[in-house]
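Here is a walk through one structure, written for someone who would rather be at the bench. Keep the viewer open as you read.

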Amino acid sequence: MANLTLIQAVNDGLKAAMRDDPTTLVFGEDVGPKGGVFLATEGLTAEFGEERCFDTPLSEDGIIGTAIGMAANGLRPIAEIQFQDFIFPAFDQIVSEAAKLRYRSGGQYTAPMVIRTPYGGGIRGGLYHSQSGEAYFSHTPGLKVVIPSTPHDAKGLLIAAINDPDPVLFMEPKALYRSVKGEVPEGSYTVELSTLRTVREGKDVTVFCYGAMVPVVERAAATAAESGIECNIVDLRTLMPLDEEGVLEAAKSTGRVVTVHEAPRFCGYGAEISAMIAENVIEYMEAPIRRVTGFDTPFPNTLEHHYLPDERRVLDAIEAVHSF
Amino acid sequence: MSDSLQILAADGTLVGERPALDDSALHDLFEHMLRVRCLDERMLKLQRAGRVGFVGTVLGSEAAAIGSASALAREDWLWSGLREGGAAVMRGLPLSEYVAQMYCNANDTAKGRQMCNHFQHKGSHYPSWSSVIGTQMPHAVGAAFASQSRGEKAVHAVYFGDGATSSNGFHSGMNFAGTWKLPVVFVCVDNGWAISVPSGNQTEGEYEDKGIAYGIPAMKIDGNDVLACRQAMADATERARAGEGPSLLVLKTYRMLGHSSSDDPTKYRSEEEVQSWREKDPIDRFEIWLTQEGVLSEGERKTMEVELTEEIDNAIHEQESAPPMALKTLVEDVYEDVPTHLKRQYNAFASVAERYGSATVGDGAFPL
Ligand SMILES: Cc1ncc(C[n+]2csc(CCOP(=O)(O)OP(=O)(O)O)c2C)c(N)n1
Ligand SMILES: [Mg+2]
């Protein structure tokens, strides 16, 4: 076991996967000698050579398009998109191609690949270095969407994503890169995709969250506990395909639900959770479901701390559903 | 591969045609370049002091930005990338607005919404760059279409880096401009690097050869030679105004510092390479020639630097006390009018603040 930050765990996971599987390779912008702008790929070129970790020309479309071809022809590409905000030039390749290759070929051709990308706010990056794009991609059948929130999960889920036979978008909460630390096993291990993580058990209010919102929710829950409200915090970890049964069970267990994400509200991931609960277990609900989200605006710059859901806003929602 | 246009050699000797500029115009050109250098140095100090979050300098490439843009007419447009803020100042962006943008405060015309170093100035037709590499190129082409459709003479100059030539926007922009024969000047500022990727790794070809594929005349220029940069832009805009269509200028220069204030370039490039470019400094070489010509007096640069820094410091001083953006701007400018759902979201947010106090600023820092 080593005590690692989330970014170190990603780095460790990449190394473990690359040691295990000679067909894996890492590429993207500035991932080589610089080691990535966040240092996720530090040391990879030194250890695995320029053939397996290299910089590309500045084209996300090219990065993802070529990754699809590599994947279709026996390699395991792990492509980095420097910020999720810059994934949109590759949207076509992801949505039209990677996500649909298996389906349109009747399973004859597939694209087992991972797209790693930092997402979310909190670094004063303004509207083009802060967005959370999980809703666009969870809405894309054929693509898996994974978001870790702890160093342990970051490494285990990343290796599981790399081993997975389908294309996985691996979204890394950049706000947590260096702010969370935790025990991470040495060598290879996986955390199964499409499984939930219970962060905290509680009988009063269930809070669904993922990524950078998990520690925010934990702090709110700790404050709520001081006034006797016990929260059941569920880290979704894999947004697509989601463990729906697990979500419904967790919702039923308290009858009071809050969802939290920093992405905009309208058609956001919280809406899906809410609809799922309403369709299946509404008879267990003691209060209307509350969503805590970013605003339906572009991501601000100087005012980002007002935009991002924080402990106050989560607590407000927890108290509201509790006292309903 | 073609030779590059040069008028002033690195040692300050005139090797080309003397520009048709009088002494005071030459002096102005020098002052504009020096102001940008002083601005960059001052902004870096502010960044180190924690006053601004991010600085993307043009240090070492002042000739490329200032020389080329100095040949644009008032009615022309400058579609910018990260490093053309100094050209905006030359074209009329007040220093106070420049600094307000760096502070992202309430005086910033973009309402503090963009990261630092994303300037705009409507008065001189200078839209801000989004941050997404390459997207501004088709914009310039469409805007040139609009200017032409109204019978106006405006030329649209669009600036971008060597890295940006790999983007989709470069290729669709060049293709459309060539096909439609529009008054656009594509200005590729090849500063040797796209963050940590050397410009030789973006393409196997030569940047100026990319014009051929689109039927666009292209030219390589010594980007540290202010007179060559100016001349090339003057020729390209003349062509464009005469209805002869777009041009591609490749200004070969060097990014002397990191990609931005948070990048450490020693991880990926050698000091020898940097030193070799230090010897080609665009301001030093212009100074030598201007001094020989008697346009600058001995030691005048020092005095000018002091004055320019004072001018910048005054602007900084003025902006230090400006308030941050008002909270209600959170939901403004998404649409022309604030729609009902955003009013509702804002009210809910305000009521949380009433009950629990206001949000606290986080401590996240920009990595690049
Ligand atoms: C579409 C997109 N991908 C990645 C980035 C991250 N990024 C910002 S600047 C940059 C390099 C730009 O290099 P170049 O075009 O040469 O311009 P320079 O910074 O050298 O002026 C990169 C990769 C981005 N802003 N947009
Ligand atoms: Mg460059």
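Pro241(A) sits in the loop of chain A that runs between strand 12 (238-240) and helix 9 (244-254). The peptide bond leading into Pro241(A) from Met240(A) is cis, with omega near -5 degrees. Keep in mind while looking at this that the model is a predicted one.

**Backbone spots with a positive phi**

Two residues have a positive phi without being glycine. Asp30(A) has a phi of about 65 degrees, and Lys181(B) has one of about 50 degrees. You'll find Asp30(A) in the loop between strand 2 (24-28) and helix 2 (44-48) of chain A. Lys181(B) belongs to the loop of chain B between helix 6 (168-180) and strand 3 (184-190). Are they buried or exposed? Asp30(A) is buried, with a relative accessible area of 2%, whereas Lys181(B) comes out as partly exposed, with a relative accessible area of 47%.

**Two more loop residues**

Stay with loops for a moment and look at Ala212(A), which is in the stretch between strand 10 (205-209) and helix 8 (213-226) of chain A. Ala212(A) counts as buried because its relative accessibility is 9%, under the 20% cut-off. Leaving out residues up to four places away in sequence, Ala212(A) touches Tyr119(A), Pro173(A), Ala175(A), Leu176(A) and Glu262(A). Pro148(A) is 64 residues away from Ala212(A) along the chain, yet their C-alpha atoms are separated by 8.6 Å.

Over in chain B, Ser70(B) is in the loop between helix 2 (62-69) and strand 1 (77-79). Ser70(B) is buried too, at a relative accessible area of 17%. Which residues is Ser70(B) in contact with, leaving aside its neighbours within four places in sequence? They are Leu29(B), Met90(B) and Arg230(B).

**The magnesium site**

Now for the metal. The magnesium ion (ligand 2) has three protein donors, Asp162(B) through OD, Asn191(B) through OD1 and Trp193(B) through O, lying 2.1 Å from the ion. If you want to pick these donors out of the sequence, their spacing along the chain is D-x28-N-x1-W. Asn191(B) is buried, with a relative accessible area of 7%, and Trp193(B) also counts as buried, at 7% relative accessibility.

**Rings and charges**

There are 23 aromatic pairs over all chains. One of them joins Phe83(A) and Phe86(A), whose rings meet edge-to-face, 5.8 Å centre to centre with 75 degrees between the planes. Both Phe83(A) and Phe86(A) are buried. Another pair is Tyr346(B) with Phe349(B): the ring centres are 5.6 Å apart and the planes are at 45 degrees, so this one is tilted. Why are Tyr346(B) and Phe349(B) separated by about one helical turn? Because they are 3 residues apart in helix 12 (residues 340-356) of chain B. Tyr346(B) and Phe349(B) are buried as well.

The story doesn't stop at that pair. Ring pairs link Tyr346(B) and Phe349(B) with Phe295(A), Phe299(A) and Tyr307(A) into a cluster. Phe295(A) also has a charge over its ring, namely the charged end of Arg313(A). Here are two such charge-over-ring arrangements side by side.

| Charged residue | Ring | Distance to ring centre |
|---|---|---|
| Arg313(A) | Phe295(A) | 5.4 Å |
| Lys280(B) | Trp277(B) | 4.0 Å |

**Where the chains meet**

How many residues does each chain put into the contact? Chain A gives 43 residues and chain B gives 52 residues. The area buried between chain A and chain B is about 3800 Å², and carbon and sulfur atoms give 62% of it. On the chain A side, Lys34(A), Leu58(A) and Arg312(A) lose the most area to chain B, together 18% of what that side buries.

Charges take part here too: the count between chain A and chain B is 4 salt bridges. One to look up in your viewer is the salt bridge of Lys267(B) with Glu42(A), where the closest N and O atoms are 3.1 Å apart.

Technical notes. Residues numbered from 1 in each chain as written. Chains lettered and ligands numbered in written order. Predicted model: local features only at pLDDT ≥ 70, side-chain atom pairs only at ≥ 80, totals over all residues. Heavy atoms only, no water. Helix = DSSP H or I, 4+ residues; strand = E, 2+ residues; numbered from the N terminus. Buried < 20%, exposed > 50% of the residue type's maximum accessible area, 1.4 Å probe, protein only. Contact = heavy atoms within 4.5 Å. Phe/Tyr/Trp six-rings, centres within 6.5 Å; stacked < 30°, edge-to-face > 60°. Lys NZ or Arg CZ within 6 Å of the ring centre and 35° of its normal. Donors = N, O, S within 2.8 Å, 3.2 Å for Na, K, Ca; no water. Buried area = accessible area lost by both parts, 1.4 Å probe. Salt bridge = Lys/Arg side-chain N within 4 Å of Asp/Glu carboxyl O.
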